[in-house]
Every structure is written in structure tokens, then in C-alpha cells.
Amino acid sequence: MMILIFISLFVLQGNSEEYKGKHIGKLNSYHHQVSGDVYAVDKYTILITGFNYDGNGADTFFWAGASNRPGPQGFIVPDEHGKTNVLGRYFNKDFTLTLPEKKKLTDIKWFAVYDLSSQNAFGDVYMDENFEPPSTQVIAALSKKSHGVSSGNLQILDAKTLVIPDLTYNGAGKDTYFWVGVGPQPSTKGSKVPDEYGYLEPLRLYSKQTIKIELPGDLTIFDIDWFSIYDVQEKNNFGSVLIPDNPNVPPSLVKIIPQKRALPNCIQLHKDLQASWEIFGPQITIQLAGRVEEDEYIAFGQSGSNSKLQMLGSDVTIAYVDGYRGFADDYNITANSPCVKVLGQYKGVCKDSRVGGTEDNQLHTSERQDGINTITYRRTLKSSDPGDKEFFADGVTHLVWAIGKLDSNKEPAFHDLYPRGSATVEWGKSMHNCFSFTTSNRDLDKPWDRAKIIDKALRVYTATLGPAGSRRGYQGITGMPSGGLAWYINGLLIPEIWMKRGTTYAIRVFGGNNPHSAELYNPFIITDEPHGGLERRSEEVHRHIRALAGVQYTLRGQSRPTTVGPLCLARHNGVDRRLDDDYPTFRDFNKTLVVTCEPGEPAILEVTPNSTWPDIVYYNSYTHMNTGWKIHIVDTFNAQYGCACHLKYFPMIIISSLLLHLLINC
């Protein structure tokens, strides 16, 4: 059944033609070889395709007006660069023009290439009398069939984009997706549409949420008859809406990038990620293609469990392109953390070579083009490395994948995109559900406000751990990749702290004191560089780092942490971590967390900044990179640092644990 579904998607996309907007007409050609087609993109914008003009006019401009025919009673339309210069030569050019001063296409009767000196139109096109430019089309709401599905009236923003206002769905379907297709009503002969985050997994619960979704690949609104929330397994339509024929909407601005796949099998794991493969003899060839940033990696491999998605115990490849060179490194995952040394052994997301295994991947090809990394590698189906999982041609294999940032060591930091449920393949069976990538710009979420603690009377700080908050949190605030956890100082996510030279401060540390835990053992340190994670840094890097607090050195020059306290950790309370960026403020995000603390007294790190300390230092973890942020060292507090933040504390001691709650009003 799934193969038929994917063939349906391919057929739908194969019939699509590029939609440019509402066709106004061809330019009438009078002089100077003017020609081209003119389309209305929206009420302010026109698109000209295949435009030609020899550039020999003396005083020639794009010109528009409301008179009966082109003449001096008109106005200049700025060129494709927004300039009003005399037009030069054009040969078969495509570009858009925007009418000036908020003028609308409905305000004009004609558009021309017009020469002011001779008062001649070299080419023109006329608007129909009842012309209506493309615009957002509002259609009906989702029909209320079952599973609590309801919505406001859907909006077709452009040829590829739908907005669903106030979407509600109880999330109880077994195999339920956004689903589109052709025909009189929803059926299994349809196609998946990625959710608002690009995932192709069964839909989660929605409660009066307004979301925007993009039709996949080169599929457009003109290729479908209906949109549905559909359970494929149960063949049940939970709610749907019919799409009007040929809606008068703007064209999509996304660019379609078809993939040139040399391998016969392909699975679409996310809107921005696909994996292809072929088995030949004792080897499997795998090609990973993903729309990623230059400093991002793709992780792909086999789950640590034979029956479900499980990161622990999984065997993965970390693939990325660094300049002109590609990498497909063999990794083993033994803990949910970057690779750290725990009691003499490496644990976490570690290269096979670091944990006693072998590098079994053979890089074949790699390239980065149009924002797409494509990396092909080979490996044997059965490896001699006991840490590697065998590729079986028969039977179902559960996959793991992720996309995230590379850290300064070119190793994977905590992932930003990752699956909630497992994707499965049968390596020996034919499969192809992939579609073309689109290069729509990612919405750049504004980082949460940068918290500051500026209080000349404050002498005691409390350091606990919590989630880093994805792109709006640690990454957005610092511009650096995150390891997944970050320091919360006095209840705030990585605040900038002001300390005065010559004053002694006490930092109460609750970062975990179990050295057997690769993820939750975080001694507190202060250094003169922003990354921390001294445990993971090379000896060469160590020589250029000045450890100011929380570290001592042996006679052999080896560093050791000194400030280790019990764990006090904030965790997500039943909320998918992938939704972190939905919260507009840290305070909204923080309300979704639950704090638990181990018994025991905190470790106390006393620091007295002196004249040898730089003006800016950094607090971090000894074991994990990128967990903290800045401390400003000042000689005196004055007005240049802005207002002091007034801190209000709730009760802090609960039996033998510390549970700190803080509200900040600045």
C-alpha cells in the first residue's frame, strides 16, 4: 500500500508545470526588439519572463498608467533592482517589478517600455477590465468528522502554502498525517504533507494552534482536489476540505531542487533529509542528502533496538562537508551526550576509533550545492567491529537520524532535528518515497531576551542544569552550538553576570557528582575562553586556555575539576523538546519545566576576581562544551551597565534538596 501512495505522489508531481502567477499577456512589440510575458504575482508585483530589449532607447523606462493608452501621463516603475535609471540591454531575462508608492495593479490600465524623449511605447500590455490580481484565498474550514478535528477557514497563501487557523486534533490516530490527493474525496491514494516543522511522522496533538504547511517537492495547490487529516492504517478521514479549481493565488517563491539520485532506493526522513541505498554483494552503498547549513551535520544509522527507535546503542554515520572535503565518520552511541571520558573510558556519541572500534565507512563522493549536502559512502553488511550493527537484507530495520550543529572540534553537538518515532526500511526491498528539496528560507526565530544579573549587593549565585532551549535559547543567545544542557544561574538560562574585582563571590553548584554519568556530570569551571569542556579538549588547546576557577593541575600538568555537587536538573514535563522554539520568551518556556534535585549539600566555588582577570570570562562545564556564558569583571558598578535586575525568590529549601524558583523584573 505504501508503494502505491508514493507512486501517487510521484505522478502528482510529475504532472506539475511551473506556476508563475496570473498571466496578463505578452508584451506587444513595436520597437527595439521588446518582447516578453507579463504575469501578476500579487496586487503590487508583476513578473516578466523572457524579457528582451536592445537598450538603444534614449530615455527609456518601465512605465505604467491609468490613461487609455501609454503616454506621458504615467509613472516610472523601478527596475528589478529598485532603481529608476534609464534601461539598459536585456536578453531573455526573468525578474519581478514592484509598483511604487503602494500603487496596485488594479490602479493601472497598461504597463509599457516607454521612451520619454520620443514619447513612444516600445512595447506594452493592457490589463483586462475586470482584472483581479492573485491574492490569499480563504476557503472552508476542515469538516468535523472525528478525533476532535476542527479549524478556522483555511487560507491558501500561495501555490504551495496553506495556513490552518485554530487547528484542533486529539492526536489519537494510529497512522495519521496531513494528506492530499485528487478525486472527489480523501482516500488512501494520496500523499503525505510534512507538518509545520517538516516532519513526516504521525501527527501530534493540536489545540487551537495556527500552523503553516508547505506542499512537498514540486507539488502545488493546482495538483490537488482535497486536503485531509487522514489515518492511512484505518483508511479514515478525520476532517477535510475541498480545494477550489485553479484558485487565483500568488506563485510560490520557493525554489525546487530535484535530486540526482544514482541509487535505486530512497526514504524521505524529513522535508530536509533523505537517504538512498543499494546493496551489491557484501556491501551497501548509502547516499545522504540534506538541506543543512555549512556548519551542520547529518546523522543516520540503525537503531539500538530491533523493535523501536532507540538512540542508545545505535550505530550511526556522522556526515558533513567541510569546505571542499566530505566526511562520513563511523560513530557509536552509548550515552545521550557528546563524547566524554568517564573514569578512563569514552562514553556518549563517540567515533568508533575512540571506543576501540574501527572506521568501516569508505567515503565515495561528497558535494555541497544549493544548500544541499550530498555524501555517498560504502560499508560492508557485516562488520568485524563488534560495536557495529549488521545490515540485514531481510526483515524490518528501525532507523535513527538527526541534524545538528558541529562543535569547534568538528564533532556533533546536540541535535536540533530528530525523529519522535522510528522510520523503518527493509534493505532488500524496493522503496522510493523521496521528493525534491525546496529552498524556502527557514524562519529565523528571534532569540529569547538575554538575561543579565547586575546587582552590586549580590554575593551568592546558584548554578543548576536545564535544557538549552534549542535555536531560541543557547544557540540564539550565544551563536554557538549546544550540548543539550546549559547552566541556569539563579533560575535564569545562561545569564550574563557582572562581578566586581576584589569582591569574593560564592557559587553553589548543583551540576551532578556521579562521574559514571556521561551526560549528568558537570563540574563548574571559569576560564578565559567561551567553550569550556576541558575534558574534551586537546593538550594543544589546553596550553592556550587559562583556567581561573574550578580547576587544579597535577604536577604533570593535567587538569582536574574541583567543584562537584549533587544534581539539580530541570526537565521537559511531557512536552516535545522539538517545540522549544514555539515559546516566545524564556519565561513561557521555563513554565513547562519540572525541577528535581538529588539530596546533599551543594559544592561551593569561591571566586575573587582580581586585576589579572580579563574583563570578560566564561563559566562552563569541565566535561561538556558550551554550557555557560559570560561573566563581566568590572572595577565598579555604574550607570553604563544599565538597570540592576530586581530578583524575587520563592522558598528555596525543600527537605534536603535545593529547588530555586525565580522571577525576574527588569
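Reader: What are the helix and strand percentages over residues 271–404?
Author: In this predicted model, residues 271–404 are 0% helix and 56% strand. The C-alpha atoms at the two ends of this stretch are 15 Å apart.

Reader: Which annotation covers that stretch?
Author: An unreviewed UniProt entry annotates residues 271–404 as "domain: DOMON".

Reader: What is the strand order in the open sheet of five strands?
Author: The order is 19-20-21-29-28, and the pairing is antiparallel.

Reader: Which strands stand at the edges?
Author: Strand 19 (265–270) and strand 28 (362–369) do. Each has a single partner strand, so one side of each is left without a neighbour in the sheet. From one strand to the next, the twist averages 15°.

Reader: How many bridges join strand 20 to strand 21?
Author: Eight bridges join strand 20 (residues 273–280) to strand 21 (residues 283–291), and the two run antiparallel. As an example, Ala275 has Leu288 in strand 21 as its bridge partner.

Reader: Changing topic, how many aromatic pairs does the structure hold?
Author: It holds 28 aromatic pairs. In one of them, the ring centres of Phe62 and Phe111 are 5.9 Å apart and the planes are at 25°, so the pair is stacked.

Reader: Where do Phe62 and Phe111 lie?
Author: Phe62 is in strand 5 (residues 60–65) and Phe111 is in strand 8 (residues 110–115), so the pair ties together parts that are 49 residues apart in sequence.

Reader: Is Phe62 buried or exposed?
Author: Phe62 is buried, as is Phe111. Both belong to one aromatic cluster with Phe51, Tyr90 and Phe95.

Reader: Which ring does the charged end of Lys103 sit over?
Author: It sits over the ring of Phe75, 4.8 Å from the ring centre. The charged end of Arg204 sits over the ring of Tyr206, 4.3 Å from its centre.

Conventions:
Residues numbered from 1 in each chain as written. Predicted model: local features only at pLDDT ≥ 70, side-chain atom pairs only at ≥ 80, totals over all residues. Heavy atoms only, no water. UniProt positions renumbered as here; feature names shortened; annotations may be inferred. Helix = DSSP H or I, 4+ residues; strand = E, 2+ residues; numbered from the N terminus. Pairing = 2+ DSSP bridges. Axes fitted to C-alpha atoms, helices over the stretch in contact; angles between N-to-C directions. Phe/Tyr/Trp six-rings, centres within 6.5 Å; stacked < 30°, edge-to-face > 60°. Buried < 20%, exposed > 50% of the residue type's maximum accessible area, 1.4 Å probe, protein only. Lys NZ or Arg CZ within 6 Å of the ring centre and 35° of its normal.
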